[in-house]
Amino acid sequence: MSVLPVWADDPGALEMTEADYDLLPDDLRKLIEVIDGNIIRCQSGSPEHSDVARRLANHLEAAKPAEPCTRVSTDVDVHFTRRRNRDGAFSFRRPDVTVYRCVERGTKLTTNDALLVVEVVSPGSGYTDTVDKLAEYAYEGIPVYLVVHLDASLYVKMIHEYRLDWATRVYRLVDTHQEAVVLESPFPATVLFSQLDG
């Protein structure tokens with residue numbers, strides 16, 4: 001089955017299944033996310049965007065305790081489970097940074113494993129990161145969501161920290177970090193913005 005000509009010409013014309021996605025070459029997989037079987041094209045962020053995500057991941061990696069076993073990764077597919085159980089459609093997002101419970105090597109990462117996800121807002125991604133993903137990640141039960149906002153010069157301006165209200169499955173803004181992000185969950189970590197800007 002060739003999905004590429006249809007996808008390239010009309011991204012709304014095709015419902016992507018997990019099997020279809022698994023058949024795509026890696027260079028094309030990196031260009032999309034899928035929600036309810038609908039293909040969403042992703043644009044690469046600026047070098048500054050990428051650097052902030054990588055540096056934050058490095059600092060979280062350095063801060064994580066030995067136990068319980070957790071991992072920190074950038075740009076990995078996080079497959080939705082609750083949404084799929086509801087309607088059967090394939091969905092995943094690729095957060096800029098994900099902190100998750102250790103899983104077996106080669107296992108697909110799911111939202112059941114994710115403890116914290118981070119999105120660095122790029123020009124054009126503001127609505128998706130602050131509205132769509134805010135609702136999606138909360139519905140999936142990811143406990144902590146960080147949204148990193150850059151200023152006009154692409155330096156970290158502020159980081160919003162959302163925590164899940166388990167009763168309502170809605171995120172609550174618990175902190176607007178400025179100059180440094182100080183986390184309690186999923187483990188204690190403090191990262192200065194100057195360390196993220198390089």
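Is Asp77 buried or exposed? I looked this up before anything else, in what is a predicted model. Asp77 has a relative accessibility of 16%, so I put it down as buried; the cut-off for that word is under 20%.

**Entry: around Asp77.** I placed Asp77 in the loop between S3 and strand S4 (78-79). Next I listed its contacts, leaving aside its neighbours within four places in sequence. Asp77 touches Tyr21, Arg29, Phe92, Arg93, Arg94 and Leu109. I also checked Asp77 against Cys102: the two are 25 residues apart in sequence, and their C-alpha atoms are 15 Å apart in space.

**Entry: the disulfide.** I searched the whole structure for disulfides and noted 1. Which residues does the disulfide join? It joins Cys69 to Cys102, with an S to S distance of 1.9 Å. Where do the two cysteines lie? I found Cys69 in the loop between helix H4 (47-63) and strand S3 (70-74), and Cys102 in the loop between strand S6 (97-101) and strand S7 (114-120). The pair therefore ties together parts that are 33 residues apart in sequence. I then read the torsion about the S-S bond of Cys69 and Cys102, which is about -75 degrees, so I recorded the disulfide as left-handed.

**Entry: accessibility of cysteines.** I looked up Cys69 and got 41% relative accessibility, which counts as partly exposed. Cys102 is partly exposed as well, with a relative accessible area of 30%. For Cys42 I wrote down a relative accessible area of 25%, again partly exposed.

**Entry: the whole protein.** I counted 7 helices and 12 strands. How does the radius of gyration stand against the globule rule? The radius is 17 Å and the rule gives 16 Å for 198 residues; the two are close, so I call the protein as compact as a globular protein of that length. Along the principal axes, I noted that the C-alpha atoms fill a box of roughly 50 × 35 × 30 Å.

Of the 198 residues, 45% are buried. I took the contacts between residues at least 6 apart in sequence and found that 53% of them join residues at least 24 apart.

**Entry: surface and charge.** For the accessible surface I have about 10,200 Å², and carbon and sulfur atoms account for 50% of this. I last looked up the charges, 21 positive and 32 negative. The mean positions of the two sets are 3 Å apart.

Definitions and conventions. Residues are numbered from 1 along each chain as its sequence is written. This is a predicted model: local features need pLDDT of at least 70, side-chain atom pairs count only at pLDDT 80 or more; totals for chains, interfaces and linings use all residues. Side-chain values use heavy atoms; hydrogens and water are left out. Helices (H or I, at least four residues) and strands (E, at least two) are DSSP runs, numbered from the N terminus. The radius of gyration is taken over C-alpha atoms; the globule rule is 2.2 Å times the number of residues to the power 0.38. Buried means under 20% relative accessible area, exposed over 50%, partly exposed in between (1.4 Å probe, protein chains only). Contact means heavy atoms within 4.5 Å. Accessible areas come from the Shrake-Rupley method with a 1.4 Å probe; for residues, only the protein chains shown count as cover. Lys and Arg count as positive and Asp and Glu as negative; His and the chain ends are not counted. The place of a charge is taken as NZ of Lys, CZ of Arg, CG of Asp or CD of Glu. A disulfide is a pair of cysteine sulfur atoms within 2.5 Å.
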